[in-house]
Amino acid sequence: MDCASCDAGIDHCHGTLVVHPDGGFAECTDPGCVDGERLRHGLIVDCQTLGGGCACATAPGKPLLRQVS
C-alpha cells in the first residue's frame, strides 16, 4: 500500500507520538524519527493509554496535569 503523504512529498512520520504528562516530553515509536513535532505525526497517544502504563505517570509526588497546546 502506498502512503499518500509519501507520494506527495509531505514531511511526516509513520510512527506514533507518545506524549508524557510532564510538560511536553514526547517520544516516537519509529526509531528513525528525527523530529518529535506533533504536526508530523498522524497518530498521537497519551502515555497512560499504553498497555502496562508508563513509569512517568506513576512517579511519586508528580501531579498528572496536562498542558493545553
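**His20 and its sheet in a predicted model**

Student: Where does His20 lie?
Tutor: This is a predicted model. Strand 1 covers 13–19 and strand 2 covers 26–28. His20 sits in the loop between strand 1 and strand 2.

Student: Is His20 buried or exposed?
Tutor: The cut-off for buried is under 20% relative accessible area. His20 has 6% relative accessibility, so His20 counts as buried.

Student: Which side chain makes a polar contact with the side chain of His20?
Tutor: Start with the contacts of His20, leaving aside neighbours within four places in sequence. They are Phe25, Ala26, Glu27, Cys47, Cys54 and Cys56. One of these also makes a side-chain to side-chain polar contact with His20, at 2.7 Å. That partner is Glu27.

Student: Which residue of strand 1 has Glu27 as its bridge partner?
Tutor: Strand 1 and strand 2 pair in the antiparallel sense, over 3 bridges. Leu17 stands opposite Cys28 in strand 2. Glu27 in strand 2 is the bridge partner of Val18.

Student: What separates the C-alpha atoms of Asp46 and His20?
Tutor: Asp46 belongs to strand 3, residues 41–46. Asp46 is the bridge partner of Val19. Along the chain, Asp46 and His20 are 26 residues apart. Their C-alpha atoms are separated by 6.3 Å.

Student: Which backbone nitrogen does the side chain of Asp46 reach?
Tutor: Asp46 has its place in strand 3. Its side chain reaches a backbone nitrogen at 2.9 Å. The nitrogen is that of Gln48.

Student: In what order do the strands of the open sheet stand?
Tutor: Strand 1 and strand 3 pair in the parallel sense over 5 bridges. Strand 1 and strand 2 pair in the antiparallel sense. The edge strands are strand 2 and strand 3, each pairing on one side only. The sheet of 3 strands has mixed pairing and the order 2-1-3.

Student: By what angle are neighbouring strands of this sheet turned against each other?
Tutor: The sheet is open and has 3 strands. The angle is an average with direction ignored, and its value is 25°.

Student: How many residues of strand 1 are buried?
Tutor: Strand 1 runs over 13–19. It is mostly covered. Of its 7 residues, the number buried is 6.

Student: Which side chains meet in a salt bridge?
Tutor: The structure holds 1 salt bridge. Its N to O distance is 3.2 Å. The pair links distant parts of the chain, 29 residues apart. One partner is in the loop between strand 2 and strand 3, the other in the loop between helix 1 and strand 1: respectively Arg40 and Asp11.

Student: Which of Arg40 and Asp11 is buried, and which is exposed?
Tutor: Under 20% relative accessible area is buried, over 50% is exposed. Arg40 has 10%, so Arg40 is buried. Asp11 has 54%, so the exposed partner is Asp11.

Student: Which element has the lowest mean pLDDT?
Tutor: The mean pLDDT of the protein chain is 80, and 77% of residues reach 70 or more. Among the elements, helix 1 (residues 4–8) has the highest mean, 94. The lowest is 91, for strand 2.

Student: Over which residues is the pLDDT below 50?
Tutor: The mean over the protein chain is 80. One stretch falls below 50, with 10 contacts in the model beyond near neighbours in sequence. The stretch is residues 63–69.

Terms used:
Residues are numbered from 1 along each chain as its sequence is written. Side-chain values use heavy atoms; hydrogens and water are left out. Helices (H or I, at least four residues) and strands (E, at least two) are DSSP runs, numbered from the N terminus. Buried means under 20% relative accessible area, exposed over 50%, partly exposed in between (1.4 Å probe, protein chains only). A polar contact is a pair of N or O atoms within 3.5 Å; within protein, one must be able to donate a hydrogen and the other to accept it, and residues adjacent in sequence count only if both atoms are side-chain atoms. Contact means heavy atoms within 4.5 Å. pLDDT is the predictor's confidence in each residue, from 0 to 100. Two strands pair if DSSP finds at least two bridges between them. Axes are lines fitted to C-alpha atoms, for helices over the stretch in contact, and angles run from 0 to 180 degrees between N-to-C directions. A salt bridge is a side-chain nitrogen of Lys or Arg within 4 Å of a carboxyl oxygen of Asp or Glu.
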